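Thank you all for coming; I would like to walk through one structure this morning, slowly enough that anyone who has not met it before can follow along. Please keep the sequence and the view in front of you as I talk.

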Amino acid sequence: MKATQFFVSTLKEAPADAEVVSHKLMMRAGFIKRLGAGIYSYMPMGLRVIRKVENIIREEMNRAGAVELLMPIVQPAELWQETGRFETMGPELMRVKDRHERDFVIQPTSEEVITDIARQELRSYRALPKNFYHIQTKFRDERRPRFGVMRGREFTMKDAYSFDRDLESARKSYQGMYDAYVRIFERMGLTFRAVAADTGAIGGDISHEFQVIADTGEDAIVYCPGSDYAANIELAEALAPAAPRAAGAKPLTKTPTPGKSTCEDVAALLGVPLETTVKSLVLATDEKNAAGDVAKTTVWLLLVRGDHALNEVKASKLPGLKEGFRFATVGEIESHFGCKPGYLGPIGLKQPVKIVADRTVAAMSDFICGANESDFHFTGANWGRDLPEPDVVADIRNVVEGDPSPDGRGVLAIQRGIEVGHVFLLGTKYSVAMKATYLDEGGKPQLMQMGCFGIGVTRILGAAIEQNNDERGIIWPASIAPFSVVICPIGYDRSDDVRVAADKLHADLQAIGVDVLLDDRGERPGAMFADWELIGVPHRVVISDRGLKDGKVEYQGRRDAQASTLTLAELLPTLKTKLGA
Ligand SMILES: Nc1ncnc2c1ncn2[C@@H]1O[C@H](COP(=O)(O)OP(=O)(O)O)[C@@H](O)[C@H]1O
Ligand SMILES: [Mg+2]
């Protein structure tokens, strides 16, 4: 490929909306072009990387026995109504109408369509197990599209769906996909971790996220350096403190804390550690009668230690909160606590409130909490003495670094990660909703056990760049680089020798199947080198009259500090070795 036939377009400066390094570099290197919020054109250079990513995924999916098909982007609403997701999915689901006012969705994922295919096509146990996948455009009307392709609204995903006759077989399919994902991300040269993930409303089943380690990642991943424990922060369990609650030593004292409504401010004012304070969060749940009207409202007070954060996923699994909760209104707060938000606490309530204490809070003594009176807190509060024991004690907080590992084999550490893949044992959620059954040996209909397996194809570009870059630009892992080798001739249009040598190397590399690009644009050397360093091509060969005079050329790997001089005879064998070609 010659640069003039291809398309190279680089920028000196990244646009102002690019916050993370991968977004900046992808824009500057001309990989993507913004069309709207979270909507990008994949420019020729970027598309080459996408295709390489797709090919690795395709090869490994096929190797694992999955079968490729392609499902439509625009899908009739009927199937989505069958599972209820047309109504229950939030505004992320893009709903559109056709000319006949019929409802459609732009697919954010394809469980409905694939389950519809499976229930028609996989009629007998003999057709199972089966795993279908496609690599297709998705649309999710994300609340906060950002970081370029990392969280787009339109993006490419590989999604696979497994169908099995029973749970045991479904677990095998799941493991097969898990292993394929490990191979896929290893081949892409990424540093990643598979972490146990929350299974949300479905519950009970297994799920893992594949997280590329990067400080800019949106997810917090928790692991134990001394064992193989790894989970995302939603799931990672915070154990109860090992030591029993100490006996209270201080009297309950109403203490003025004027204008100090946060735990941080109160701790600073009183000169005590943040760990002695307790934070109050108020929720409400409504019970409805048969007519659908609210028959009873319960107000909940969730307590976590001042330096801890509430884990909403954990809270939403508690009996009573599982069915859905909302934030309490100011009116409800005032009638139950006799106070406006800011100074709330569990002591001296006006009406019954259901109190859920985090395990850590339940083990505290002499703690500080709001006094349910503006500008006052209680110090020296003690369970059992100053207030009843909590109604519920549960793990409702995020773990923090140094917490004991749930497997008892050390303490937890936390890293940031970018979720590039997600594997999920779905069970029968969709087969029940859509009556996807097969006939067993006895001719009896049985529900299919399903799994779903996603990979964020376009997100991988961002993740790979977050892990591989320097001040000069991108450093592509060899397997997904847009080109493996760039030939930079100096004076291609002026010197016959340079042109002949560059063309020959180009032809030789092409002949052995190397993705090579010859930069015949006639750029100045400095600008030419800067472009290819920005674009991140792993290997560069510079051919100039000065070198050729001595039969030499220059080679530089993208991570090398300096160029090295090679004879023309050494060049091809050296490149072959480096490329593994
Ligand atoms: N808005 C997005 N932009 C780019 N990639 C995405 C986006 N949302 C999801 N992905 C990718 O698709 C994969 C499968 O998606 P899924 O797990 O269903 O999404 P989520 O984790 O957002 O619920 C994710 O692991 C991620 O790599
Ligand atoms: Mg996910």
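Let me begin with a term that I will need in a moment: two strands are said to pair if DSSP finds at least two bridges between them. I should also say at the outset that this is a predicted model, so please hear everything that follows as a description of a prediction.

With that term in hand, we can look at strand E5, residues 94–97, and strand E6, residues 103–106, which pair in the antiparallel sense over four bridges. These two strands, E5 and E6, form a hairpin with five residues between them, and in the turn Glu101 has a positive phi of about 65°. If you want to find the register of the hairpin on your screen, Val96 stands opposite Phe104 in E6, while the bridge partner of Lys97 in E6 is Asp103. E6 also pairs with strand E4, residues 74–76, again in the antiparallel sense, over three bridges, and there Gln75 stands opposite Val105 in E6.

Moving along the chain, there is a peptide bond to look at. Leu128 and Pro129 are joined by a cis peptide bond, with omega at about -5°, and Pro129 has its place in the loop between helix H5, residues 111–121, and strand E7, residues 130–139.

Next come the open sheets, and I will take the one with three strands before the other. Its order is E13-E19-E18, with antiparallel pairing. Why is one side of strand E13, residues 253–256, and of strand E18, residues 367–370, left without a neighbour in the sheet? These two strands stand at the edges, and each has a single partner strand, so one side of each has no neighbour there. From one strand to the next, the twist in this sheet averages 30°. E13 and strand E19, residues 376–381, run antiparallel and are joined by four bridges, and within that pairing the bridge partner of Lys254 in E19 is Phe378. In the loop between E18 and E19 you will find Asp375, whose phi is near 70°, a positive value in a residue other than glycine.

The other open sheet has five strands in the order E28-E27-E29-E30-E31, and its pairing is mixed. Strand E28, residues 516–518, and strand E31, residues 564–567, are its edge strands, each pairing on one side only, and the twist averages 25° from one strand to the next. Within this sheet, strand E27, residues 485–489, and strand E29, residues 539–543, pair in the parallel sense over five bridges, with His539 in E29 as the bridge partner of Val485. Helix H16, residues 568–579, lies across E27, E29, E31 and strand E30, which spans residues 552–557, and the helix runs at about 115° to E31.

Let me finish with the ligand. How many residues surround ligand 1, and which are the closest? There are 14 of them, and the closest are Arg140, Glu142, Gly152, Glu419 and His422. Sorted by class, this shell has five nonpolar, four polar and five charged residues.

Some of the atom pairs can be given with their distances. A polar side-chain atom of Glu142 lies 2.8 Å from a nitrogen atom of ligand 1, and a polar side-chain atom of Arg459 lies 3.5 Å from a nitrogen atom of the ligand. A backbone contribution comes from Gly456, where a polar backbone atom is 3.3 Å from an oxygen atom of ligand 1. Taken on its own, ligand 1 has 530 Å² of accessible area, and the protein covers 81% of that. The elements giving two or more residues to the shell are strand E8, residues 154–164, and strand E21, residues 413–427, and E21 gives the most, with four residues.

That is where I will stop, and I am glad to go back to any part of the view.

How values were computed: Residues are numbered from 1 along each chain as its sequence is written. Chains are lettered from A and ligands numbered from 1 in the order in which they are written. This is a predicted model: local features need pLDDT of at least 70, side-chain atom pairs count only at pLDDT 80 or more; totals for chains, interfaces and linings use all residues. Side-chain values use heavy atoms; hydrogens and water are left out. A residue is near a molecule or strand if one of its heavy atoms lies within 4 Å of it. A polar contact is a pair of N or O atoms within 3.5 Å; within protein, one must be able to donate a hydrogen and the other to accept it, and residues adjacent in sequence count only if both atoms are side-chain atoms. Accessible areas come from the Shrake-Rupley method with a 1.4 Å probe; for residues, only the protein chains shown count as cover. Ala, Val, Leu, Ile, Met, Phe, Trp, Tyr, Cys and Pro count as nonpolar, Asp, Glu, Lys and Arg as charged, and the others, Gly among them, as polar. Axes are lines fitted to C-alpha atoms, for helices over the stretch in contact, and angles run from 0 to 180 degrees between N-to-C directions. Contact means heavy atoms within 4.5 Å.
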